[in-house]
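Colleague: Could you take me through one part of this model up close, slowly enough for a first-year student? Start with a loop, then move on to a pair of helices and the link between them.

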Amino acid sequence: MDSFWDTLKALPILFIVYAVFELLEQVMPDKLKFAAARMGALGPLIGAALGLIPQCGVSAAAASLYASGFISPGTLIAVFLATSDEAVPIMLAGAVSVDLLYLLAAKFLFGVLFGYLTDLLLARRLKKQPEIAPPDTGYEEGAGRYAFLWEAVKRTLHIGLVIFLANVLFGAVVELMGEGFFKSLFLEGTLFTPFLSALLGLFPNCATSVIITELYLSGQLGFAGTIAGLCTGAGVGLIVLFKNNRPIKESLLLLLVLYLSGSLSGLLLLLCGVHP
């Protein structure tokens, strides 16, 4: 029952956030989605800023654009690292605005840092020739003026169910195993925490960001581990990358870069003692 009421209280905020971004996606002209093709040297900087938008379509579009040579590998990594998926609306619903500002600032800075570093080391090796037209990202505009409301309702109910199940799971585990179980599972407070959390974040599903965020809000995972997990949590962007990009070894290299970048982001925060 505690899990049910906690989830129910979060639904209105989740719906408002999703409705706003679904509306923006519906009215935004297609040409803006592919403006990344002309970012040039500002790619990682702009990519990190766009990645902060809590919408998995951004990472999916970035992966498709990279596969066709429209953006650099560093820009792709910047978008992936900055992508927060469901973390932003969940933290807004949890009334932790200060923590959210720290989260967004950290992900933006690390997106820019490792984005430019990736371009410095890999841009020449992974450079592609652009196709004549940007590829299809797999997202179409909803039919009808108010289609965004139905999309927001569906997404709210979907994420609400995931949050409820995650809360039930956490509550049951804490009840049976003790409050320190998740801390011991992630070796919380040690140098291994960012690497373990970043590994969890690689699973391309919105449930991953929900779990990591809920662990942070419940005090089971520190800020450094949370950043590491959310940095590697690029959502469906990874699925689109492996589906559209060839050769496959190039996608695997980018996956490794993403994992190391996310892990090092958390490790740097841990070593510097940075937390909200």
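Modeller: Sure, let's start at Leu 187, which sits in the loop between α9 (181-185) and α10 (193-201). The helix numbers come from DSSP runs counted from the N terminus (H or I, at least four residues, for helices; E, at least two, for strands). Leu 187 isn't a glycine, yet its phi is positive, near 50°.

Quick note before we go on: this is a predicted model, so local features need pLDDT of at least 70 and side-chain atom pairs count only at pLDDT 80 or more, while totals for chains, interfaces and linings use all residues. Residues are numbered from 1 along each chain as its sequence is written, and side-chain values use heavy atoms, with hydrogens and water left out.

Now the helix pair: α13 (residues 237-244) packs with α14 (residues 248-272) at about 155°, and their axes are 8 Å apart. Those axes are lines fitted to C-alpha atoms, for helices over the stretch in contact, and the angle, from 0 to 180 degrees, is between N-to-C directions. The two therefore count as roughly antiparallel (over 145 degrees; under 35 is roughly parallel, 65 to 115 roughly perpendicular, the rest oblique).

Which residues touch, with heavy atoms within 4.5 Å? From α13 you have Leu 238, Leu 241 and Phe 242, and they meet Ile 248, Ser 251, Leu 252, Leu 254, Leu 255 and Leu 258 in α14. Sorted by type, the contact has eight nonpolar residues, one polar and no charged (nonpolar: Ala, Val, Leu, Ile, Met, Phe, Trp, Tyr, Cys, Pro; charged: Asp, Glu, Lys, Arg; polar: the others, Gly among them).

Last, look at the link: Pro 247 is in the loop between α13 and α14, and a cis peptide bond, with omega about 5°, joins Arg 246 to Pro 247.

Key:
Contact = heavy atoms within 4.5 Å.
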